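Q: Hey, I'm new to this one. Can you walk me through it once it's on screen?

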Amino acid sequence: MTKTVAVIGAGIVGVSTAIELRRAGHEVVLIDREGPASGTSHGNGGVLAAAGVLPVTGPGLWKKAPKMLLDPDQPLFLRWSYLPRLMPWLMRYMSHANAEAALTRARAIAPLLGDSLADHLALAGGTPAEKWLIPSDYVFAYPDRAAFEADAFGWKTRSDLGYAHEVLEHGAFQAYDPAMSADFTLGVRQPNHGRITDPGHYVKDLAAHAQTLGARLVIGEVRDFVEDGGRLTGLRIGGETLPCDAAVVATGVWSGPLARRLGLEVPLESERGYHLELWEPSVMPKSPVMFAAQKFVATPMEGRLRLAGIVEFGGLDAPPSAAPFDLLRRSIRKAMPGLTWAREVEWMGHRPSIADSLPVIGAAPGLAGAYVGFGHDHVGLTAGPKTGRLLAQLVSGQRPNMDLAPFAPDRFS
């Protein structure tokens with residue numbers, strides 16, 4: 001049965017959902033406040049992190065976090081004036097900082113991430129967006145074996161879930177990638193990953209492809225849902241009503257108010273992420289590199305090297321902080337000595353982080369025809385195409401061949 005479906009949010013999840021819905025034969029309206037890829041989908045690290053199953057809340061974070069917050073060379077920042085507002089969410093978030101919860105999250109999210117390169121190729125193949133998609137390794141850099149072994153929990157978890165990796169040491173890391181400083185004596189190469197050489201253009205090209213398939217793009221902010229007898233019949237955009245048979249909320253960290261109107265109290269917070277782009281760099285790494293101690297990734301992109309990472313808690317309204325950009329500059333100079341660049345671009349955005357580090361994907365139980373797909377924290381780009389396909393299947397009345405119970409929208413009720 002053909003439906004008219006409104007997709008709210010034109011980031012990677014929303015655009016993927018719109019394309020999959022059009023391919024399934026539905027009429028689609030794609031709605032965004034500012035236009036495609038105007039938020040996190042523009043500024044992410046550009047890595048298809050198929051093995052990105054470990055949450056930030058790993059075992060031992062309780063001990064590490066206080067010291068990290070007081071050390072300007074650590075990648076965790078807090079706007080202290082925001083702490084009173086943050087505290088209820090933060091306590092729920094930190095309650096998952098243990099091995100059992102981390103394993104639960106890893107096992108649940110692995111099916112959403114594991115085929116990410118193939119998922120992106122299936123979504124973008126044959127479209128103008130395909131040129132931004134590059135198969136690649138994903139590498140972790142460590143100063144020595146002791147630092148690598150300190151991450152044993154993570155590497156064992158990945159291995160147990162079927163992700164392959166190769167340890168490179170005794171000069172093998174620099175032989176693999178001569179751009180790496182000799183200070184990093186050990187690297188871990190993960191095959192079967194990918195990178196996007198311009199995430200913003202990639203999502204914009206996908207949105208344009210959705211329009212060539214027949215989706216309609218509307219710029220506006222959805223304020224409310226219109227219902228009749230417990231079923232969705234439309235959306236309020238400004239002072240007007242847009243009729244629809246179904247709607248998908250995929251507005252990332254800004255999804256909270258609409259979710260609450262659907263009766264969902266999702267513990268959602270912004271993990272403020274930073275990137276620093278170095279244009280015309282004198283050298284590029286061979287593959288995206290995660291500098292494990294500093295928790296930032298250096299990704300080769302079109303004409304520039306993007307350094308992305310950092311976790312800062314400070315809400316949606318405060319301007320960017322200077323310290324995270326300074327840390328990225330200091331860190332890359334240590335990691336790639338001799339690197340020069342012509343100019344810089346600074347950016348700060350908002351990762352949508354849910355307290356248990358799992359997104360919400362599924363039907364909203366309070367209103368027939370309403371669906372949600374948001375809260376992917378650090379893996380939104382990676383999981384976007386599969387999330388879109390799952391949502392399109394649900395809207396079409398099909399049963400996905402994946403267990404969506406861990407992502408149930410009402411699990412916090």
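A: Sure. One definition before we start: two strands pair if DSSP finds at least two bridges between them. And keep in mind that this is a predicted model.

Q: Okay, what's the bridge partner of isoleucine 361 in S19?
A: That's glycine 373. Four bridges join S18 to S19, which covers residues 370-374, and the two strands run antiparallel.

Q: What sheet do those two belong to, and in what order do its strands come?
A: The sheet is an open one with six strands, in the order S8-S2-S1-S12-S19-S18, and the pairing is mixed.

Q: Which strands stand at the edges?
A: Strand S8 (216-219) and strand S18 (360-363) do. Each has a single partner strand, so one side of each is left without a neighbour in the sheet.

Q: How much are neighbouring strands turned against each other?
A: By 20° on average, ignoring direction.

Q: And which helix packs on the sheet?
A: Helix H13, residues 380-395. H13 touches strand S1 (4-8), strand S12 (246-249), S18 and S19, and its direction makes about 170° with that of S19.

Q: Switching to helices: how do H1 and H10 cross?
A: Helix H1 (residues 12-23) and helix H10 (residues 199-212) have axes that come within 9 Å and cross at roughly 25°. Angles under 35 degrees count as roughly parallel, and H1 and H10 are therefore roughly parallel to each other.

Q: Left-handed or right-handed crossing?
A: Left-handed for H1 and H10.

Q: Which residues make the contact?
A: From H1 you've got Ile12, Val15, Ala18, Ile19, Arg22 and Arg23. H10 brings Tyr202, Val203, Leu206, Ala207, His209 and Ala210. Split by type, the residues of this H1 and H10 contact are nine nonpolar, one polar and two charged.

Q: New topic: how many salt bridges are there in the whole structure?
A: A search finds 22. One of them is formed by arginine 189 with aspartate 137, where the closest N and O atoms are 3.0 Å apart.

Q: Where do arginine 189 and aspartate 137 sit in the chain?
A: In distant parts of it, 52 residues apart. Arginine 189 is in strand S7 (residues 186-196), while aspartate 137 is in strand S5 (residues 133-142).

Q: Last one: what do S10 and S11 form?
A: A hairpin, with two residues between the strands. Glycine 238 in the turn has a positive phi of about 65°. Strand S10 (residues 231-237) and strand S11 (residues 240-243) pair in the antiparallel sense over four bridges, and isoleucine 237 has glutamate 240 in S11 as its bridge partner.

Methods. Residues numbered from 1 in each chain as written. Predicted model: local features only at pLDDT ≥ 70, side-chain atom pairs only at ≥ 80, totals over all residues. Heavy atoms only, no water. Axes fitted to C-alpha atoms, helices over the stretch in contact; angles between N-to-C directions. Contact = heavy atoms within 4.5 Å. Parallel < 35°, antiparallel > 145°, perpendicular 65-115°, else oblique. Left-handed = near helix turned anticlockwise from the far one by under 90°. Nonpolar A, V, L, I, M, F, W, Y, C, P; charged D, E, K, R; others polar. Salt bridge = Lys/Arg side-chain N within 4 Å of Asp/Glu carboxyl O.
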